[in-house]
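Subject: Structure handover

Hi,

Here is the structure we talked about. Please load it before you read on; my notes follow below.

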Amino acid sequence: MDSLGNLESLKGHTILVVEDNDFQRSVALQVLQSLGIKDIHQAADGLQALKVLEQFGKVDVVICDLDMPGMDGIQFLGELAKNKLAGAVIVASAMEASLIRTVEDLVQEHGLKLLGTLAKPLAKKKLQDLLGRFTDLETEESTSFPQDAKAPWTVKELDDALSRKEFTLYHQPKVSMATGELEATEVLCRWQHPEHGLVMPDSFIPLMEESGQIEALTEQVIEKALVALCDFKTKGMTTKIGINLSAITLNDTSMPDRLFKQLSALKLSPELLMLEITESSLIDQPAKSLETLARLKMKGFMLSIDDFGTGYSSMKQLNRIPFSELKIDRSFVDGASEDKTRKAIIDANIGLAHTLGMRVVAEGVEQVADWHLLNELGCDIVQGYFVARPMPISELSDWLSDWQQRFEQLNDSQQSACE
Ligand code: C2E
Ligand code: CA
Ligand code: CA
């Protein structure tokens, strides 16, 4: 949605500002009013905020300070989560970045949706962007079903979906930072549900892993990915495809041979397929998965270590498995331009990967400032909403021409900033 559209849909939302400082609170109220938001509540500490919520009911977004007398922001957020009193939270604080980060984790641990953090006094543009994320979330939730339920589907429903081939692939571009070229797309599975519309993978992949259906799904994903690779090849594109492999798939040591044969039959080189493996998934069954990975590598497939930095043994995995690509998890990437620790982590990971001869992908890039930072730090490839959201393959060519223009402007703005 464009920013004007976002602004329109923002106006109908209810916001609660929790801030002890009168001046900061009145700045926040003014900024919200200037965005056209009418339904605004305020409170000077957590206790007062809970009373407001008791009186008026759940609000869409809470903008919350951390350091307040009485009930502080940290305690308040706990209460907010327990009673599900807000759709999402924005943390506004003058505290140092490392504390804010801890609170960010805490908010997410509580199961609250965090739209982001803001410095004070609140700046209109930043606040508008963060509130825009809320309307994005709402749109996603209304078009994808269901979000929170842990096990919303039965095994039978998933079986039917498999036999009716209702799973489809969305492609998310991975672009070169140096040239802007479309290096690859990552294919992300969606379930085109006959009643509920587009269903996101987090609601069915874990279930299918448990039920043993994931292998059948992976087969369908691979089949579709290979068709897409053929399509790229016919169009003269050298774009690779990344697919996500569950750890369970790696238990099958004959998989590399089968996959190799499938590609050979289509005269496709195995280098065109990037197999993304989550590092945490490797911890459980090391022996067989190591064998499969070694065989995949031997056959010429590319291996990518996904969500890097989020597992407990990242370094160990790097030491054992010949990965060609390292994907820095989006929790380190988003907002890195304003965060010393995240920046240092990215910097160190890029250095490590390059020393080991690997290419680095930053995932979850949403903001232009983070793009520029990654460029400075020497990151190779970027993936994230800033470049493109996952899309049906039919939309790729329109996106590409639009992206090429945006990339040129990006380069121009970087150059003029350096002059
Ligand atoms: P993943 O492999 O880490 O994929 C990246 C996820 O981050 C995708 O979510 C993508 O839509 C989302 N994303 C990309 N850029 C941004 C951004 O800038 N901001 C934010 N907030 N999110 C971004 P999605 O499509 O919901 O997939 C979730 C997970 O489901 C994937 O995480 C992957 O682990 C799993 N998955 C998806 N398709 C398959 C599949 O075919 N097989 C298996 N085994 N797992 C799959
Ligand atoms: Ca992935
Ligand atoms: Ca990832």
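Which of the 22 residues around ligand 1 come nearest? They are Arg190, Ser246, Arg330, Glu366 and Tyr385. Keep in mind that this is a predicted model.

Polar pairs at the ligand

Two of those residues also have side-chain N or O atoms paired with ligand 1. For Ser246, the partner is a nitrogen atom of ligand 1, at 2.9 Å. For Arg330, the partner is an oxygen atom of the ligand, at 2.8 Å. Asp307 adds another pair: a polar atom of its side chain lies 3.4 Å from an oxygen atom of ligand 1.

Cover and shell

On its own, ligand 1 has 800 Å² of accessible area, and the protein covers 86% of that. Two or more residues of the shell come from each of β7 (182-193) and β11 (302-308). Strand β7 gives the largest share, four residues. By class, the shell holds nine nonpolar, five polar and eight charged residues.

Lys174

One more residue to look at is Lys174, in strand β6 (residues 167-176). Is Lys174 buried or exposed? Its relative accessible area is 2%. The cut-off for buried is under 20%, so Lys174 counts as buried. What does its side chain contact? The side chain of Lys174 makes a polar contact with the side chain of Glu325, at 3.0 Å.

Best wishes

Conventions. Residues numbered from 1 in each chain as written. Chains lettered and ligands numbered in written order. Predicted model: local features only at pLDDT ≥ 70, side-chain atom pairs only at ≥ 80, totals over all residues. Heavy atoms only, no water. Buried < 20%, exposed > 50% of the residue type's maximum accessible area, 1.4 Å probe, protein only. Polar contact = N/O pair within 3.5 Å; in protein donor to acceptor, adjacent residues only side chain to side chain. Near = heavy atom within 4 Å. Areas by Shrake-Rupley, 256 points an atom, 1.4 Å probe, with all protein chains shown as cover. Nonpolar A, V, L, I, M, F, W, Y, C, P; charged D, E, K, R; others polar.
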